[in-house]
Every structure is written in C-alpha cells, then in structure tokens.
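Colleague: Hi! I'm new to this one and would love a quick tour. Could you show me the structure so we can talk it through?

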Amino acid sequence: IRDSSPASPCKGTRKALSLTATTSFVPLRGSRRFSSIYRRGTKVRRGPIVVFSLPSRSSEPEVGFVAGRSVGNAPTRNRAKRRLREAARQAPLVGNRAYVMVATADVADVPFVDLVASVTEAATAIEEEAS
C-alpha cells in the first residue's frame, strides 16, 4: 500500500537563514580585546547600559556585549544580551570604533524603545567626545 500524500521536502533543501547577514556590526571577540577597551576606552553611561569605546581598525563597528551576575540568573543575562544586541543593530553606530556594551540589572525590564534610545544616545555621546 502506497501513501498518496505528497512527499515532504527533504531537510536541507532550502538555504539556511543567516542571523548575522543583517547585522550592522562585527562581533567583538577575545578577552584581551575586551580588556583593552575597558582600560583605555571612553566610558559613557546612558539609562540601563554602560558603553566603553575605543577607535578600531575595522571599517564596520565592532561590538561586544556583557551581562554580569548582577543582572540576574543565566536566562535573564542571556535575554539582556539579546536585547542589547538587537538594540545595537537598530542604533546608528560609527564605523572604525569598537564598543563594549555592559548591561545593568534594568536592561531586562526597560521598554525596548527606551533601550534603543539609550544605545543611540551613548553612541552619539562617544562620537562627540572623540571629535
């Protein structure tokens, strides 16, 4: 007995959707890079985030995200970093700069529109200080 229902498409027949294809920044990697930005970078606090920034060789902005234990348990910290990552995608970050965005305990609860505004204000303040 044959099944007359149409065959389902094979796995892998569609091109995988890349989450990094739409990003407007390069992920920051390496603890040495984070440490140098903390030590030598410009620090700006806006709302629920603290942003450290330093000039970079990359033509696109490099961005790293940090959420310490003070933010909450692991799922809360991961949510805070995801929200910061998306806010950074929507904010006009400057190329040739590296940013480290540090979440405070309020990042998980603040409205997303306010979070994007905080990231934008911090990036603008850093750009003004650098000029």
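Modeller: Happy to! This is a predicted model, and a good place to begin is strand E5, which has both of its faces covered. Arg-97, Tyr-99, Met-101 and Ala-103 are buried on one side, and Ala-98, Val-100 and Val-102 are buried on the other.

Colleague: Why do the residues split into two sets like that?

Modeller: In a regular strand, side chains alternate between the two faces of the sheet.

Colleague: And how many residues of E5 are buried?

Modeller: Seven of the seven, so E5 is largely enclosed by the rest of the structure.

Colleague: Which strands does E5 pair with?

Modeller: One partner is E3, which runs antiparallel to E5 and is joined to it by seven bridges. Within that pairing, Ile-49 is bridged to Ala-103 of E5. Another partner is E4, which runs parallel to E5, with six bridges between them. There you'll find Glu-62 opposite Ala-98 of E5.

Colleague: Let me zoom out for a second. How many helices and strands are there in the protein chain?

Modeller: The protein chain has three helices and five strands. Starting at the N terminus, their order is β-α-β-β-β-α-β-α. The protein chain has 131 residues, and 37% of them count as buried.

Colleague: What about contacts between parts far apart in sequence?

Modeller: Taking the contacts in the protein chain with a separation of 6 or more, 77% are between residues 24 or more positions apart. For a pair that is far apart in sequence, look at Pro-27 and Gly-64: they are 37 residues apart, yet their C-alpha atoms are 6.0 Å apart in space. Pro-27 sits in strand E1, residues 26-27, and is partly exposed at a relative accessible area of 37%.

Colleague: Back to the inside, then. What does the largest nonpolar core look like?

Modeller: That core has 26 residues, and Leu-84, Leu-93, Met-101 and Val-119 have the most contacts inside it. At least two residues each come from strand E3 (49-55), strand E4 (62-67), helix H2 (74-90), strand E5 (97-103) and helix H3 (112-130). H3 contributes the most, with seven residues.

Colleague: Which residues does Leu-84 touch?

Modeller: Leaving out residues up to four places away in sequence, Leu-84 touches Ile-49, Phe-65, Met-101, Val-102, Ala-103, Val-107, Leu-115 and Val-119. There is also a second, separate core of nine residues, with Val-50, Leu-54, Ala-98 and Val-102 among them.

Colleague: Why would residues like these gather in cores?

Modeller: As a general tendency, nonpolar side chains in soluble globular proteins are buried together.

Colleague: Arg-97 caught my eye earlier. Which side chain of opposite charge is nearest to Arg-97?

Modeller: That is Glu-129, at 7.8 Å, and Arg-97 has no salt bridge even though it is buried. The Arg-97 side chain does make a polar contact, at 2.8 Å, with the side chain of Ser-53. Beyond its neighbours up to four places away in sequence, Arg-97 touches several residues, including Thr-42, Pro-55, Glu-60, Ile-126 and Ala-130.

Colleague: How many salt bridges are there in the whole structure?

Modeller: The search finds two. In one, the side chains of Arg-33 and Glu-62 meet, at 2.8 Å from N to O. This pair links distant parts of the chain, with Arg-33 in helix H1 (residues 31-40) and Glu-62 in strand E4, 29 residues apart.

Colleague: Are those two buried or exposed?

Modeller: Arg-33 counts as partly exposed because its relative accessibility is 25%. Glu-62 counts as buried, at 14%.

Colleague: Where's the other salt bridge?

Modeller: Glu-86 forms that one with Arg-89, and their closest N and O atoms are 3.3 Å apart. Both residues lie in helix H2, three residues apart, which is about one turn of the helix. Glu-86 is partly exposed at 30% relative accessibility, and Arg-89 is partly exposed at 24%.

Colleague: Last one: what is the phi of Asn-96?

Modeller: Asn-96 has a positive phi of about 60 degrees, although it is not a glycine. Most residues other than glycine have a negative phi. You can find Asn-96 in the loop between H2 and E5, where it counts as partly exposed at 44% relative accessibility.

How values were computed:
Residues are numbered from 1 along each chain as its sequence is written. This is a predicted model: local features need pLDDT of at least 70, side-chain atom pairs count only at pLDDT 80 or more; totals for chains, interfaces and linings use all residues. Side-chain values use heavy atoms; hydrogens and water are left out. A nonpolar core is a set of buried Ala, Val, Leu, Ile, Met, Phe, Trp, Tyr and Cys residues joined through side-chain atoms within 4.5 Å. Buried means under 20% relative accessible area, exposed over 50%, partly exposed in between (1.4 Å probe, protein chains only). Helices (H or I, at least four residues) and strands (E, at least two) are DSSP runs, numbered from the N terminus. Contact means heavy atoms within 4.5 Å. Lys and Arg count as positive and Asp and Glu as negative; His and the chain ends are not counted. A salt bridge is a side-chain nitrogen of Lys or Arg within 4 Å of a carboxyl oxygen of Asp or Glu. A polar contact is a pair of N or O atoms within 3.5 Å; within protein, one must be able to donate a hydrogen and the other to accept it, and residues adjacent in sequence count only if both atoms are side-chain atoms. Two strands pair if DSSP finds at least two bridges between them.
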